[in-house]
Amino acid sequence: MHALQSLDALAVNIRCSRGQEICSPSRPADYWYRVVSGSARRCVIRPDGRRQIVDLLLPGDFFGFSERNEYDSTVEAVIEGTIVASYPRKRAEMLADADPLLARELRQVAYKALARSRAHLLILGRITAREKVGAFLLELVERFSGGATDTIMLPVSRYDIADCLALSVETVCRSLTELKQRGVIALSGTRCVRIIDRQALEEGDRDSDASFARRKPASFDHGNSSADANTVAGRQLRHDRQANGFRQLTGT
């Protein structure tokens, strides 16, 4: 089951190789598309020549909608053998004009695309790189399974993740390693990610110390309570000595 099934009679499936361009601003916007299998990336080129991925397209996602006569961005297949269904725009619009149910489905498809854009903006609005990477992983889990599983296969490379989050690939790799070392995620190979502490990813770095403390062994928290108390007392003693020295120097 997928959206706009009433348009299936118009659809033509296209099998794409990895990196193949599906649509671009230089081509007329004559078709709408749906990812059937695999994944695709919608990207724009910044004025400085760098690529920015503005939408990651997964099975079931539609793209190619444009208010102009040309596409406003470039969409490329990410995975070898990605299959997309293409729908002739003019014929689909004519059917929608005559069918209120189809027109309503088209609005829902447009709303979902807007929701993806809003979610992407919220991820980019995170403060630190580790927060952005964590929010990106949570978003993928939600889109793949509705949150029903904590394990996902990343559909894109580290380089694509970097271009999605406006980070360097080194920063993305470092953030994933830090999340792994903190016990928030587990990595198997380069693509398989398992979320261990969903709450820590949701909180980001706001409460990273508290999140780290939750994952300490019980013996660390309880067996060393006296040592912790001694550490606090030692800090207070040093503070008092420094304060006394300052008063002696200033005569206060």
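# A guided tour from the β4–β5 hairpin outward

Begin by selecting Ala40 together with Leu57 in β5: the two residues are bridge partners. The model on display is a predicted one.

**The hairpin.** Extend the selection to the whole of strand β4, residues 40–45, and to β5; these strands pair in the antiparallel sense over six bridges. A further bridge to display links Arg42 with Asp55 in β5. Next, move to the connection of the hairpin, where five residues lie between β4 and β5. Select Gly49 there, and its phi will be found to be positive, near 95°.

**The four-stranded sheet.** Now turn to the other neighbour of the hairpin by selecting strand β7, residues 74–77, which pairs with β4 in the antiparallel sense over four bridges. Within this pairing, Thr74 in β7 stands opposite Cys43. Add β2 to the selection. In what order do the four strands of this open sheet run? The order is β2-β7-β4-β5, and the pairing is antiparallel. At the edges are β2, residues 21–23, and β5, residues 51–57, each of which pairs on one side only. Viewed along the sheet, the twist from one strand to the next averages 35°. Keep the sheet displayed and add helix α2, which packs on the sheet and touches β4 and β5. The direction of α2 makes about 130° with that of β5.

**The helix pair.** With α2 (residues 100–124) still selected, bring in α1 (residues 89–98). The two helices pack at an angle of about 120°, and their axes are 5 Å apart. That angle makes α1 oblique to α2. The crossing of this pair is left-handed. To inspect the contact, show the side chains of Ala92, Leu95, Ala96 and Ala98 in α1, which meet Pro100, Leu102, Ala103 and Leu106 in α2. Which classes of residue make up the contact of α1 with α2? Eight residues are nonpolar, none is polar and none is charged.

**The three-stranded sheet.** Leave the helix pair and select β9, β10 and β11. These three strands form an open sheet in the order β9-β11-β10, with antiparallel pairing. The edges are occupied by β9 (151–153) and β10 (185–188); each has a single partner strand, so one side of each is left without a neighbour in the sheet. Here the twist averages 20° from one strand to the next. Focus on β9 and β11 (residues 192–195), which run antiparallel and are joined by three bridges. In this pairing, Ile152 stands opposite Val193 in β11. Then add helix α3, residues 129–145, which lies across β9, β10 and β11 and runs at about 90° to β9.

**A covered helix.** The next selection is helix α4, residues 158–165. How many of the eight residues of α4 are buried? Seven are, and the helix is accordingly described as mostly covered. The buried residues are Arg158, Asp160, Ile161, Ala162, Asp163, Cys164 and Leu165. To see what covers them, display the surrounding elements, which include β4, β5, α2, α3 and α5 (169–181). Elements met at earlier stops thus return here, among them β4 and α3. Step past the end of α4 to Ala166, where phi is positive, near 60°.

**Toward the N terminus.** Select Ala9, which lies in the segment before β1 (12–16). Is Ala9 buried or exposed? Its relative accessibility is 78%, and it therefore counts as exposed. Add Tyr87 to the selection and display the C-alpha atoms of both residues. Ala9 and Tyr87 are 78 residues apart along the chain, while their C-alpha atoms are separated by 9.2 Å.

**The whole chain.** Finally, clear the selection and show the protein chain in full. Its secondary structure comes to nine helices and 11 strands. Of its 252 residues, 37% count as buried. Taking the contacts between residues at least 6 apart in sequence, 70% join residues at least 24 apart.

Definitions and conventions:
Residues are numbered from 1 along each chain as its sequence is written. This is a predicted model: local features need pLDDT of at least 70, side-chain atom pairs count only at pLDDT 80 or more; totals for chains, interfaces and linings use all residues. Side-chain values use heavy atoms; hydrogens and water are left out. Axes are lines fitted to C-alpha atoms, for helices over the stretch in contact, and angles run from 0 to 180 degrees between N-to-C directions. Angles under 35 degrees count as roughly parallel, over 145 as roughly antiparallel, 65 to 115 as roughly perpendicular and the rest as oblique. A crossing is left-handed if the near helix is turned anticlockwise from the far one by less than a right angle, and right-handed if clockwise. Contact means heavy atoms within 4.5 Å. Ala, Val, Leu, Ile, Met, Phe, Trp, Tyr, Cys and Pro count as nonpolar, Asp, Glu, Lys and Arg as charged, and the others, Gly among them, as polar. Two strands pair if DSSP finds at least two bridges between them. Buried means under 20% relative accessible area, exposed over 50%, partly exposed in between (1.4 Å probe, protein chains only).
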